[in-house]
Each structure stands twice: as C-alpha cells, then as structure tokens.
Amino acid sequence: LFMAWLACLGLDVASRVVTDAEISVGLALSYRAGIMFLLSGCVIAMLRYVLMNERVTTDSISAAIVAYLFIGLAFASAYYCLVVLEPRSFSIPADMPAAQGTQLETTMIYYSYVTLATLGYGDISPRLPVSQVLAAVEAIIGQFYIAVVIAWLMSVYAADRSRTRRQERSDE
C-alpha cells in the first residue's frame, strides 16, 4: 500500500507541474483513480482486521470507523473523476465554489459524506445515470455499514464488557 501511495503522490505532483492541460488532466484523473483504489484497499484491510479478530476491542471499533470514513473519501475520488470527465454528472448550485471550477475536491468530499450518511441535503444532485447509480450504491453501503457492521461490533463489545464485569463480581 505504501508503494501505491507513493505512485499516487508522484502523479499528483506531476499533474501540478506539467503545463500541457490535457496531460495535466490525465495525470490528475490517474491520481484520483489511484487514490480511490488505494483507499479501497485500506478499507478491505481494515475490515479484514475487524472481522477476523477473535475479540472486539476499542481498536477494532476505531478501525471500523476509519474504514467508514475511507469509504467516503474513495467515493469522493470517484465523483471527482466523473465531474472531470463529464461536467454535467452533477447539478451543483452556481453559488458553490466548485461550480466556478475551484475547490472541486472539497465539494465532492462534502457530497460523498452527505450521500454516505444519507442526509440528502439536495444542494448537489446526480444528473447522469452513472453518477446516480454511484450515489445509490454509496447510500446503500453507508446504511448497511452502520446498521450491520457498526451495530454488530458495538453489541459484541457491550456483551463482552458485561460478561467481564459479571465475572469480576463473581470472583470477588
């Protein structure tokens, strides 16, 4: 994963240095795609750690929360790529900085977390089928993750703590 991160960093630096607009956009897209796959790999590694552990600890709960946040960042990279490839992918209000071409990354991170948490503010909305499907998949993952993974971890953790407390009291 470290080597993949270094490669992504190199693409980002190159996209900022190159003066040819087409090459710069291509490098920026490659960087975003690389970040998306790198974050996806991190999510898989963290979930493997969380789900394969024999016990649920505060470390495994923290890893699950970080994995959730990385899911949001991975989708933000995918949305960024979509907007760069097809600017009509999303309806973005004219008063938002991304509508003028600046701060697109920040806007896509915002949109991703609003979608992952299924808040649905409605200020940004997917317009094309590919962006609509991607947003729906992210919303489903977000709901499933909180309802199943985090809820399961918390219930097992609470049961283990309760069992430990009862055992401590009976030992006294």
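Begin by selecting Val133, Val137 and Ile141, which form a nonpolar patch on the surface of this predicted model, with about 220 Å² of accessible area together. Valine 133 lies in helix H5, and with a relative accessibility of 53% it counts as exposed, because the cut-off for that class is over 50%.

Stay with helix H5, which covers residues 129–171, and select Arg161, Arg165, Arg166 and Arg169, which gather on the surface in a patch of positive charge. Arginine 166, which is found in this helix, is exposed, its relative accessible area being 51%.

Next, colour the whole protein by secondary structure, and five helices and two strands should appear; followed along the sequence, they give the pattern α-α-α-β-α-β-α. If you then colour by burial, buried residues make up 35% of the 172 residues in the protein.

Now turn to the interior. In soluble globular proteins, nonpolar side chains tend to be buried together. Here the largest nonpolar core has 30 residues, and the ones to select for the most contacts inside it are Tyr79, Phe90, Met108, Tyr145 and Leu153. At least two residues of this core come from each of helix H2 (21–52), helix H3 (58–85), helix H4 (104–116) and H5. Which helix gives the most to this core? That helix is H3, with eleven residues.

While helix H2 is in view, select alanine 33, which is placed in that helix and is partly exposed, with a relative accessible area of 22%. Add alanine 74 to the selection and draw a C-alpha to C-alpha distance: the two alanines are 41 residues apart in sequence and 8.9 Å apart in space.

The charged pairs come next. Side chains of opposite charge can pair when their charged atoms come close. How many salt bridges does the model contain? The count comes to two.

For one of them, select glutamate 105 and arginine 32, whose closest N and O atoms are 2.9 Å apart. This pair links distant parts of the chain, since glutamate 105 belongs to helix H4 and arginine 32 to helix H2, with their positions 73 residues apart in the numbering. Is arginine 32 buried or exposed? Arginine 32 is buried, with a relative accessible area of 7%, whereas glutamate 105 is partly exposed, with a relative accessible area of 36%.

For another, select arginine 88 and glutamate 86, which form a salt bridge with their closest N and O atoms 3.1 Å apart. Arginine 88 counts as partly exposed at 47% relative accessibility, and glutamate 86 is also partly exposed, with a relative accessible area of 27%.

The last stop is a matter of backbone geometry. Most residues other than glycine have a negative phi. Select threonine 118, which has a positive phi of about 55° although it is not a glycine. Threonine 118 sits in the loop between H4 and strand E2 (125–126), where at 39% relative accessibility it counts as partly exposed.

Methods:
Residues are numbered from 1 along each chain as its sequence is written. This is a predicted model: local features need pLDDT of at least 70, side-chain atom pairs count only at pLDDT 80 or more; totals for chains, interfaces and linings use all residues. Side-chain values use heavy atoms; hydrogens and water are left out. Patches are made of residues with over 30% relative accessible area and no salt bridge: like charges are joined within 9 Å, nonpolar side chains (Val, Leu, Ile, Met, Phe, Trp, Tyr) within 5 Å. Accessible areas come from the Shrake-Rupley method with a 1.4 Å probe; for residues, only the protein chains shown count as cover. A salt bridge is a side-chain nitrogen of Lys or Arg within 4 Å of a carboxyl oxygen of Asp or Glu. Lys and Arg count as positive and Asp and Glu as negative; His and the chain ends are not counted. The place of a charge is taken as NZ of Lys, CZ of Arg, CG of Asp or CD of Glu. Helices (H or I, at least four residues) and strands (E, at least two) are DSSP runs, numbered from the N terminus. Buried means under 20% relative accessible area, exposed over 50%, partly exposed in between (1.4 Å probe, protein chains only). A nonpolar core is a set of buried Ala, Val, Leu, Ile, Met, Phe, Trp, Tyr and Cys residues joined through side-chain atoms within 4.5 Å.
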